[in-house]
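Thank you all for coming. Please have the sequence and the model open in front of you while I talk, and stop me if you lose the place.

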Amino acid sequence: MIDLHYAPTPNGWKISIMLEELGLPYTVIPVNIRSGEQFRPEFLAISPNNRIPAVVDHAPSDGGEPFSVFETGAILIYLAEKTGRFLPGDARGRSKVVQWVMWQMSGLGPMLGQHGHFALYAAEKIPYAIERYRDEAARLYGVLDRQLDKTAAYVAGDDYSIADIACFPWTMTHKAQGFSLDDYPNVKRWYAAVRARPQVQAGLAIGKFVKEPFDEEARRNMFGQKAKEMAGKT
Ligand SMILES: N[C@@H](CCC(=O)N[C@@H](CS)C(=O)NCC(=O)O)C(=O)O
């Protein structure tokens, strides 16, 4: 059995989708990141970066003690290796998938995250920051579009993989962030194909419960994280 410490966000969905794709039994443990539950000591013990999601595998392949994993790229690779699915076994195929997972983890996710922050959430609208991250997000959509033109199927090649599972939830923010997939026809085709998967639908349906209003407390908990105060919180 796997514990999924989770909130329904793009990073959370990566792992709920992966677990649904794998058909592994799992228990959802909600972490309300708006009320600050990511700073609870028991959560920090498995996710020291105070970010969701994280998993605890109570039946690791080595038969040993329960094993915890944080960072979605690492969780996707861990689950793929545990089950032998969505990550090819040959060196080239595996590297292609890992390259695109790393691209998502270092580019698509953080840049769309920053664009969303400055364009939608920040109380002060700073034109330079909005433009900077909008341009970078648009560049990354362009990179993804050209890659999907090349593969004509999925992000890392002919087969659906953890690269698709990593990228898809972030592209779900396109409308809210002011991007039209009509400008990225290959992304549009891929997006529709991934979205139509029943396992993806099931993963997205997990935990709609945790959505709460984005109030002043949430703003403080999520956007006011100064190293010194955070050390005090734990
Ligand atoms: N690089 C991390 C990012 C995770 C992340 O940013 N999670 C957000 C929700 S999407 C979070 O937990 N935010 C809580 C906070 O900002 O304190 C991963 O891929 O796991």
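I would like to start with helix α1, residues 10–22, which lies across β1, β2 and β3, the last of these being residues 54–57, and which runs at about 155 degrees to β1. Before I go further, please keep in mind that what you are looking at is a predicted model.

The strands under discussion belong to an open sheet of four strands, and if you read across that sheet the order is β2-β1-β3-β4, with mixed pairing. Because β2 (26–30) and β4 (67–70) stand at the edges and each has a single partner strand, one side of each is left without a neighbour in the sheet. From one strand to the next, the twist averages 20 degrees. As a reminder, strands of a sheet pair through backbone hydrogen bonds, either parallel or antiparallel. For β1, residues 2–6, and β2, the arrangement is parallel, and five bridges join the two; if you want one pair to find on the screen, take isoleucine 2, whose bridge partner in β2 is tyrosine 26.

Let me move on to the division of the chain. Domain 1 is made of 2–85 together with 203–233, while domain 2 covers 91–196, and the centres of the two, taken over C-alpha atoms, are separated by 21 Å. Where they meet, 11 residues of domain 1 are in contact with 10 residues of domain 2. Which elements give two or more residues to the side of domain 1 that touches domain 2? They are α1, the helix I began with, and α3, residues 72–83, and the largest share, six residues, comes from α1. Sorted by class, that side of domain 1 has seven nonpolar, two polar and two charged residues.

The helix α3 deserves a further word, since we can also look at how it packs with helix α6, residues 162–171. Their axes are 10 Å apart and the angle is about 145 degrees, with a crossing that is right-handed. On the α3 side you will find Thr72, Gly73, Leu76, Ile77 and Ala80, and these meet Ile162, Ile165 and Ala166 of α6. By class, the residues of this contact divide into six nonpolar, two polar and no charged.

Next, the ligand. The residues around the ligand include Thr9, Pro10 and Asn11, then Asn50, Arg51 and Ile52, and also Glu71 and Thr72, with Ile33, Gln38, Met105 and Met222 also in the list. The shell as a whole has five nonpolar, five polar and two charged residues.

Finally, two backbone details in the loop between α2 (41–44) and β3, where proline 53 has its place and where asparagine 50 is also found. Most residues other than glycine have a negative phi, and most peptide bonds are trans. Against that background, asparagine 50 has a positive phi of about 45 degrees although it is not a glycine, and the peptide bond that joins isoleucine 52 and proline 53 is cis, with omega about -5 degrees. Both asparagine 50 and isoleucine 52, you may recall, are among the residues around the ligand.

Methods: Residues are numbered from 1 along each chain as its sequence is written. This is a predicted model: local features need pLDDT of at least 70, side-chain atom pairs count only at pLDDT 80 or more; totals for chains, interfaces and linings use all residues. Two strands pair if DSSP finds at least two bridges between them. Axes are lines fitted to C-alpha atoms, for helices over the stretch in contact, and angles run from 0 to 180 degrees between N-to-C directions. Two residues are in contact if their C-beta atoms, placed from the backbone, lie within 7 Å. A residue is near a molecule or strand if its C-beta atom, placed from the backbone, lies within 6 Å of it. Ala, Val, Leu, Ile, Met, Phe, Trp, Tyr, Cys and Pro count as nonpolar, Asp, Glu, Lys and Arg as charged, and the others, Gly among them, as polar. Domain bounds come from an automatic or database domain assignment. A crossing is left-handed if the near helix is turned anticlockwise from the far one by less than a right angle, and right-handed if clockwise.
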